[in-house]
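Hi,

Here is the structure I said I would pass on. Have a look at it first, and then read on for what turned up in it.

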Amino acid sequence: TVDGRVRDREEVLELVLGRLDACYSGWREGGLDALYDDLGARNFLHGRRVTVDGTAGVAARIERDGRLRVDAESGPLLVESGEVLFER
């Protein structure tokens, strides 16, 4: 437990799976755009210094098409896939 309270595992699992099902249904019906506002609020990399394929910059946001925008000295870099390293 995180807060010292004991919880029923079945209850927690039901809540997690219900939320996952709702997100998946939203994605299937409306694509990434249907989840975009919620996704952006959970962007762990936002504002962090990152390196992508040897190019350093600051992670700015997840674009509506799913790519990560990194603001580098050479200009914006849109990352579709690859390894993103971040500084702690």
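Contact, as I use the word below, means heavy atoms within 4.5 Å. With that in hand, start at Gly57: not counting residues up to four places away in sequence, Gly57 touches Arg48, Arg49, Val50, Val70, Asp71 and Ala72. This glycine lies in strand E2, and at 3% relative accessibility Gly57 counts as buried, because the cut-off for that is under 20%. For a sense of distance, Gly57 and Leu15 are 42 residues apart in sequence, and their C-alpha atoms are 37 Å apart in space.

Before you go further, keep in mind that this is a predicted model. The mean pLDDT of the protein chain is 89, with 99% of the residues at 70 or more. Confidence is lowest in H1, where the mean is 89, and highest in E3, where it is 95.

Now the strands, beginning with E1.

E1 covers residues 49-52, and its side chains alternate: Val50 and Val52 point to one face and are buried, whereas Arg49 and Thr51 point to the other and are not. E1 pairs with E2 (residues 55-62) in the antiparallel sense, over four bridges. Within that pairing, Arg49 stands opposite Val58, and Val52 stands opposite Thr55. The two strands form a hairpin with two residues between them.

One of the turn residues is worth a look if you care about backbone torsions. Asp53, in the loop between E1 and E2, has a positive phi of about 50° although it is not a glycine. Most residues other than glycine have a negative phi. Asp53 is also exposed, with a relative accessible area of 70%, so it clears the 50% cut-off.

E1 has a second partner too: three bridges join E1 to E5 (residues 84-86), and these strands run antiparallel. There, Val50 has Phe86 as its bridge partner.

Further along, E2 and E3 are antiparallel as well, with five bridges between them. Arg61 stands opposite Arg69 in E3. Their hairpin has five residues between the strands, and Gly66 takes a positive phi near 100° in it. E3 in turn is joined to E4 (residues 75-79) by five bridges, again antiparallel. Leu68 faces Val79 across that pairing, and the hairpin of E3 and E4 has two residues between the strands.

What makes up the largest nonpolar core? It has eight residues in all: Leu45, Val50, Val52, Ala59, Ile62, Leu68, Val70 and Val79. E1, E2 and E3 (68-72) each supply at least two residues of this core. In soluble globular proteins, nonpolar side chains tend to be buried together. Leu45 is a handy residue to centre your view on: leaving aside neighbours within four places in sequence, Leu45 is in contact with Val50, Ala59, Leu68, Val84 and Phe86.

On to the rings. How many aromatic pairs does a search of the whole structure find? It finds two. In one of them, the rings of Phe44 and Phe86 have their centres 5.2 Å apart and their planes at 85°; the angle is over 60 degrees, so the pair is edge-to-face. This pair links distant parts of the chain, with Phe44 in the loop between H1 (9-41) and E1, Phe86 in E5, and 42 residues from one to the other.

Are these two rings buried or exposed? Neither, quite: partly exposed is the class between 20% and 50%, so Phe44 at 48% relative accessibility falls into it, and so does Phe86 at 33%.

If you work with cation-pi terms, check Arg48, which lies over the face of Phe44, at 4.1 Å from the ring centre. Arg48 also turns up among the contacts of Phe86, which, neighbours within four places in sequence aside, are Phe44, Leu45, Arg48, Arg49 and Val50. By contrast, Phe86 and Glu63 are 23 residues apart along the chain, and 19 Å separates their C-alpha atoms.

That's the tour. Shout if anything in the files looks odd.

Cheers

How values were computed:
Residues are numbered from 1 along each chain as its sequence is written. This is a predicted model: local features need pLDDT of at least 70, side-chain atom pairs count only at pLDDT 80 or more; totals for chains, interfaces and linings use all residues. Side-chain values use heavy atoms; hydrogens and water are left out. Buried means under 20% relative accessible area, exposed over 50%, partly exposed in between (1.4 Å probe, protein chains only). Two strands pair if DSSP finds at least two bridges between them. Rings of Phe, Tyr and Trp (its six-membered ring) pair if their centres lie within 6.5 Å; planes under 30 degrees apart count as stacked, over 60 as edge-to-face and the rest as tilted. A charge sits over a ring if NZ of Lys or CZ of Arg is within 6 Å of the ring centre and within 35 degrees of the ring normal. A nonpolar core is a set of buried Ala, Val, Leu, Ile, Met, Phe, Trp, Tyr and Cys residues joined through side-chain atoms within 4.5 Å. pLDDT is the predictor's confidence in each residue, from 0 to 100.
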